[in-house]
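This report covers a ligand site and the metal ions beside that site. Please look at the sequence and the model before reading on.

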Amino acid sequence: MYDTIIKGGCVATASDVFACDIAIRDGKIAALGTDLGEARDVIDAGGRWVLPGGIDSHVHISQPSGEGIVMADDFESATRSAAIGGNTTILPFCLQESGQSLRTAIEAYHAKAEGQCYTDVSFHMIISDPTPQVLGQELPALVRDGYTSFKIFMTYDGLALGDLDIMRVMAVAKDTRALVMIHAENYDIIRYLTEQFETEGKTAPRYHASSRPKIAEREATYRAISLAELSDVPLMIVHVSNRETMEEIRRARQRGLRIYGETCPQYLVLTESDLDGLNMEGAKYVCSPPPRDVDSQEACWEGLQQDVFTVFSSDHCPFRYNDPQGKLTPKGRTSFRWVPNGIPGVGARLPILFSEGVMKGRIDINKFVAVTSTNHAKTYGLYPRKGTIAVGADADIAIWDPELRQVLTHSMLADGSDYTPYEGLEITGWPILTMVRGKVVVRDGQLAAEKGGGTYLPREISSYA
Ligand code: DUC
Ligand code: ZN
Ligand code: ZN
């Protein structure tokens, strides 16, 4: 007797498509096949895709974001939206504040997440203050404890690491086999242009994009790749927005370097002109790197199609719009520099890629599964427990209706923000059921479980390290 059987669906993994039933026991996939016998609960998946639950490996939740600014999501609302959008695991960042010990930082995030989550979660560290103590003791200890990836920044006051510190961090990654993620934009180009625009009175949100041109991203990406090559470590270039940067990653990969790339929905369906909105409307689209142009969108699709990008993440970094603690902070009206930087997307990521990618024939269903789930699990040390449909894996499953046509509106996403940058997008296909370790969490767009079922996942070393 099984707990659940999902019957009659079309199952897809990163490599295969097959019609079969899935039997689940104790939260794990126990059998695949037909005529599997009895179960307490039978779910009819006829005419549906049955896919591994999405894994979103780039999410910001409850992260300090500057004086007077508050992120729109806590762990409850972010994982709720994630589950409604077909995800079963998310990987938020844990920010080390200046002078803070990594252990103190991580404990604070665990406390925020405890008992709140609808999906499983795991954490990447953000290393902002790589002191000898942090590099010599704290970071290696955390990697041993299952925090096997961390992000560093090449830009932002208080976060940017110079090349010397980047190499020091990479040396620790080499020793511990942790995976480094990097935010690659040239700090001084952005500082210079920001000053210039402000001097000229060009302070509207649209100048956020102009102050962070493609060349700032391309240059930093090439430098990051060079430092990773020197240090002999794998490197994930996160949130890639344009062709020139994609081509740097492609060249590195063709040379056999272990360089990986990530892109996000905003680089497929938004452009810089979205920041043009009158008054402060453009602030809704302020994120970094900024959305670019149609050729950049095309390049990001090519990157996904041609394995330059192995993961597609949301970079969910949510602020409310109509809120003095969000996008409409009074300081933001004085300059784009002060507009909270980031946009929501954890709930919209999968439907956008399914609709724009699979349904419009740009990628097939296997690629969809690879870049939204399997590759995240492999990259970040969760495979094969997560990221596939196989006997013994966690029963993390999303059932998709490929024919449901809807116009995306914010209320469908159930996050803590008050808008979606993707409002009005026509979406074909939707995850109608999300199951986390055998338990149905979302059914027909509605929550079907209490919060707190999501658990923390310590991770193995990345398959790439
Ligand atoms: N980088 C991110 O990864 N997210 C939000 C803002 C940023 O700069
Ligand atoms: Zn970043
Ligand atoms: Zn981010």
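## Zinc ion, ligand 2

Donors are N, O and S atoms within 2.8 Å of the metal; water is not among the atoms, so sites may look incomplete. By that rule, the zinc ion (ligand 2) is coordinated by Lys-151 through NZ, His-183 through ND1 and His-239 through NE2, at 2.1 to 2.2 Å. The model is a predicted one.

Along the chain, the donors of the zinc ion (ligand 2) follow the spacing K-x31-H-x55-H.

## Zinc ion, ligand 3

The zinc ion (ligand 3) is coordinated by NE2 of His-58, NE2 of His-60 and OD of Asp-315, at 2.0 Å. The donor residues of this ion are spaced H-x1-H-x254-D in sequence. Both histidines of this site, His-58 and His-60, are buried.

The distance between the zinc ion (ligand 3) and the zinc ion (ligand 2) is 4.2 Å.

## Surroundings of ligand 1

Ligand 1 sits in the largest pocket. The residues around ligand 1 include the donors listed for the zinc ions: His-58, His-60, Lys-151, His-183, His-239 and Asp-315. Tyr-156, Ser-288, Cys-317 and Asn-341 are also around ligand 1. Sorted by class, this shell has 2 nonpolar, 6 polar and 2 charged residues.

## Polar contacts and burial of ligand 1

Two of the contacts involve nitrogen atoms of ligand 1. One is with His-60, where a polar side-chain atom lies 3.0 Å from a nitrogen atom of ligand 1. The other is with Asp-315, which has a side-chain N or O atom 2.9 Å from a nitrogen atom of ligand 1. His-60 and Asp-315 are also donors to the zinc ion (ligand 3).

On the oxygen side, an N or O atom in the side chain of His-239 is 3.2 Å from an oxygen atom of ligand 1. Ligand 1 exposes 240 Å² when taken alone, and the protein buries 94% of that area. His-239 is also a donor to the zinc ion (ligand 2).

Definitions and conventions
Residues numbered from 1 in each chain as written. Chains lettered and ligands numbered in written order. Predicted model: local features only at pLDDT ≥ 70, side-chain atom pairs only at ≥ 80, totals over all residues. Heavy atoms only, no water. Near = heavy atom within 4 Å. Polar contact = N/O pair within 3.5 Å; in protein donor to acceptor, adjacent residues only side chain to side chain. Areas by Shrake-Rupley, 256 points an atom, 1.4 Å probe, with all protein chains shown as cover. 1 Å grid on protein atoms, 1.4 Å probe; cavity = no way out; pocket = protein on both sides within 12 Å on 5 of 7 lines; lining within 4 Å. Sits in = over half its atoms within 2 Å of the grid points. Nonpolar A, V, L, I, M, F, W, Y, C, P; charged D, E, K, R; others polar. Donors = N, O, S within 2.8 Å, 3.2 Å for Na, K, Ca; no water. Buried < 20%, exposed > 50% of the residue type's maximum accessible area, 1.4 Å probe, protein only.
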